[in-house]
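Here are some short exercises for you to try with the structure open beside you. Have a go at each task first, then follow the solution step by step.

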Amino acid sequence: MDGFLDYFGSLDPSLFVSALPGNIAQGILWGIMALGVYITFRILNFADLTVDGSFATGGAVTAIMLMNGAPIWVAMLVAFLAGITAGLVTGLLHTLLGIPDILSGILSQIALYPINLHIMNKFSNMSIRVDNYGMVFTSDSEKFNICGLVMSMRDVYTAIIVAAVIAIIIMAVMYWYFGTEQGSAIRATGANPKMAAAQGININIDKIIALALSNGLVAFSGSLLAQYQGFADVNMGRGSIVIGLAAVIIGQVIGEAIFRKNFNFILRLTFVVVGGILYYLVMGVVLWLKMPPEDLKLFTAIIVAIFLAVPYLRGKSKNSFKKVARMNKKIAKLEDESNA
Amino acid sequence: MLEIKDVYKTFNKGTVNEKTALNGVDLKLNDGDFCTIIGGNGAGKSTMLNAIAGVWPVDRGVIFLGDKDVTGLPEHKRASYLGRVFQDPMMGTVADMEIIENLAIAARRGKKRTLMWNVTKAEKEKYREMLAQFDLGLENRMTSKVGLLSGGQRQAITLLMATIKKPQLLLLDEHTAALDPKTAAKVLELSDKIIEENKLTALMVTHNMHDAIAHGNRLIMMNNGKIIFDIQGEEKKKLKTSDLLEKFSVASGGQELDNDRMLLSK
């Protein structure tokens with residue numbers, strides 16, 4: 001008992017509060033990554049595991065280009081294009097060579113690991129120090145550099161604002177794109193490929209486009225995270241698909257609970273990012289409770305499992321064999337009593 | 001309009017499940033023909049429609065739509081010439097998209113999909129009028145998700161999608177088989193109306209002999225991947241189900257028509 005009291009006594013609420021802004025910033029960044037996952041997982045109905053590789057590709061490209069003196073804008077654009085290429089390869093493996101979706105993603109993911117190492121000149125880790133590059137968005141005139149980093153954890157509040165603005169722009173573009181003729185065709189391809197083909201849509205091309213866009217977005221968010229944390233690491237994408245799925249699923253469960261039938265497309269996109277933030281808040285709580293950091297992925301898996309299970313179990317509780325059996329027993333008992 | 005010459009298709013070649021589904025099919029449809037197709041299970045009715053739609057390549061033979069040889073074209077390229085309605089009401093529409101979005105996708109069949117908005121304002125009015133003709137109240141639910149509709153309503157939408165951009169050939173693959181009798185009759189009536197008003201050329205597969213006789217100007221019967229009976233015009237009008245049963249018995253070499261579904265639905 002004393003142990004418990006000691007444990008709770010040692011938890012300092014101010015530590016949790018001070019970690020809050022950082023968690024929110026990371027949550028938005030991973031939310032942007034999750035928007036990419038949303039394109040494949042929800043819109044295309046394709047469980048794409050390429051992202052674990054392409055996320056790190058985004059960071060690696062950004063780091064090496066900055067080191068070679070490229071402006072950040074160019075570095076971010078090339079990171080985006082590198083991600084698009086990765087998605088393209090997965091798409092071709094799947095459509096041209098007939099490899100099943102999960103497997104083609106895994107192949108790309110594995111292939112990207114050495115490629116990412118090559119991109120970073122065989123360094124597994126490269127720092128992008130904000131002191132060396134400066135920042136684009138900052139109130140500190142000494143650090144201002146139009147070609148500097150877009151964000152850094154050194155200035156968390158600015159990072160939150162910049163990340164949020166970028167997320168909003170991306171959501172707006174996605175909202176527009178998936179309302180166009182091309183975007184609608186992709187949605188049809190994901191939801192009902194037979195109908196899509198009957199309506200003259202080349203479903204292979206549309207799958208490739210969606211995979212490319214998704215991985216482009218994932219690599220772009222990898223570039224942002226590398227800047228935020230001040231380094232790119234060849235392992236930074238490991239497990240990112242699970243975090244992306246966590247954000248998508250947490251956002252969906254909570255959004256549906258709040259908006260029910262009015263949960264439209266723009267709200268869905270918004271709640272993907274909200275899901276990312278909530279995920280990092282939960283992680284913040286877990287760390288604050290002094291759970292060992294090396295077990296974080298374990299908690300991630302548990303959280304995702306819970307959020308995946310909740311809608312299923314809720315549906316089942318409304319519609320279960322046990323419930324009918326219980327009800328019938330009750331009725332039989334009542335009848336017995338009235339007969340007696 | 002449609003010409004099929006000597007088309008063959010065998011599934012699962014070289015395995016125990018080998019099945020010759022089309023065994024030398026020849027068929028020529030004239031402009032404006034509304035042809036019903038009847039036959040037992042595995043006769044090759046749906047397979048013939050899938051061959052025309054290009055779901056897979058045929059083993060041998062030629063398929064012409066108009067003057068165009070489409071035998072070498074994949075499904076999505078042939079789609080610009082065709083309108084299709086399937087047996088499964090879930091198959092022809094996207095449940096998670098609005099009625100109007102489904103219609104807009106169909107209206108762009110055969111066109112390049114651009115970065116323009118998928119549903120324009122001008123279209124909305126046009127679709128509203130089209131839906132109003134159906135008399136199903138769908139014109140007031142244009143932004144509802146198709147998944148909320150009944151099977152019959154979904155088939156009506158699919159029918160409209162198949163004909164919204166006038167196809168050279170309309171393929172109806174047992175499109176009322178999954179509906180209750182009353183809804184099926186309504187959808188069939190709708191099909192008749194659309195085909196007549198737009199002067200469409202159509203192929204309709206059915207299990208129901210009565211429907212096969214009552215609709216269209218031409219009837220073909222299939223058995224074992226071949227067309228065994230082809231009747232049109234005045235002769236078809238006089239046709240009775242008993243005639244069909246007899247024809248089947250003669251044409252298939254004394255084989256009994258042992259298909260419950262076909263017998264029960266006469």
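**Exercise 1: the nonpolar core**

Task: In this predicted model, find how many residues the largest nonpolar core has, and which of them have the most contacts inside it.

Solution:
- Step 1. Count the members: the largest nonpolar core has 172 residues.
- Step 2. Look for the residues with the most contacts inside this core: they are A:Ile28, A:Leu29, A:Leu35, A:Ala163 and B:Leu103.
- Step 3. Zoom in on A:Ile28. Leaving aside residues up to four places away in sequence, A:Ile28 touches A:Ile160, A:Ala163, A:Ala164, A:Ala167, A:Val273, A:Gly276 and A:Ile277.

**Exercise 2: two packed helices**

Task: Describe how helix 8 and helix 10 of chain A pack, and decide whether they are roughly parallel or roughly perpendicular.

Solution:
- Step 1. Know what to look for: a pair of packed helices is described by the angle between the axes and the distance between them.
- Step 2. Read off both values: helix 8 (residues 181–191) of chain A and helix 10 (residues 203–229) of chain A pack at about 105 degrees, and their axes are 9 Å apart.
- Step 3. Classify the angle. Angles of 65 to 115 degrees count as roughly perpendicular, so helix 8 of chain A is roughly perpendicular to helix 10 of chain A.
- Step 4. Name the residues that meet: A:Ala185, A:Ile186 and A:Thr189 come from helix 8 of chain A, while A:Ile203, A:Asp206, A:Lys207, A:Ile209 and A:Ala210 come from helix 10 of chain A.
- Step 5. Sort the residues of this contact: five are nonpolar, one is polar and two are charged.

**Exercise 3: where the chains touch**

Task: Work out how many residues of chain B are in contact with chain A, and which helix of chain B gives the largest share.

Solution:
- Step 1. Count both sides: 24 residues of chain B are in contact with 18 residues of chain A.
- Step 2. Find the helices: on the side of chain B that touches chain A, helix 2 (75–78) and helix 3 (99–107) of chain B each supply at least two residues.
- Step 3. Pick the largest share: helix 3 of chain B gives three residues.
- Step 4. Sort this side of chain B: 10 residues are nonpolar, seven polar and seven charged.

**Exercise 4: the overall form of chain B**

Task: What is the radius of gyration of chain B, and what would a compact globule have?

Solution:
- Step 1. List the elements: chain B has 10 helices and 10 strands.
- Step 2. Compare the values: a compact globule with 266 residues would have a radius of gyration near 18 Å, and the 19 Å of chain B agrees.
- Step 3. Add the burial: 44% of the 266 residues in chain B are buried.

How values were computed
Residues numbered from 1 in each chain as written. Chains lettered and ligands numbered in written order. Predicted model: local features only at pLDDT ≥ 70, side-chain atom pairs only at ≥ 80, totals over all residues. Contact = placed C-beta atoms within 7 Å. Helix = DSSP H or I, 4+ residues; strand = E, 2+ residues; numbered from the N terminus. Nonpolar A, V, L, I, M, F, W, Y, C, P; charged D, E, K, R; others polar. Axes fitted to C-alpha atoms, helices over the stretch in contact; angles between N-to-C directions. Parallel < 35°, antiparallel > 145°, perpendicular 65-115°, else oblique. Core = buried A, V, L, I, M, F, W, Y, C linked by C-beta atoms within 7 Å. Buried ≥ 20, exposed ≤ 12 C-beta atoms within 10 Å, placed from the backbone. Rg over C-alpha atoms; globule rule 2.2 N^0.38 Å.
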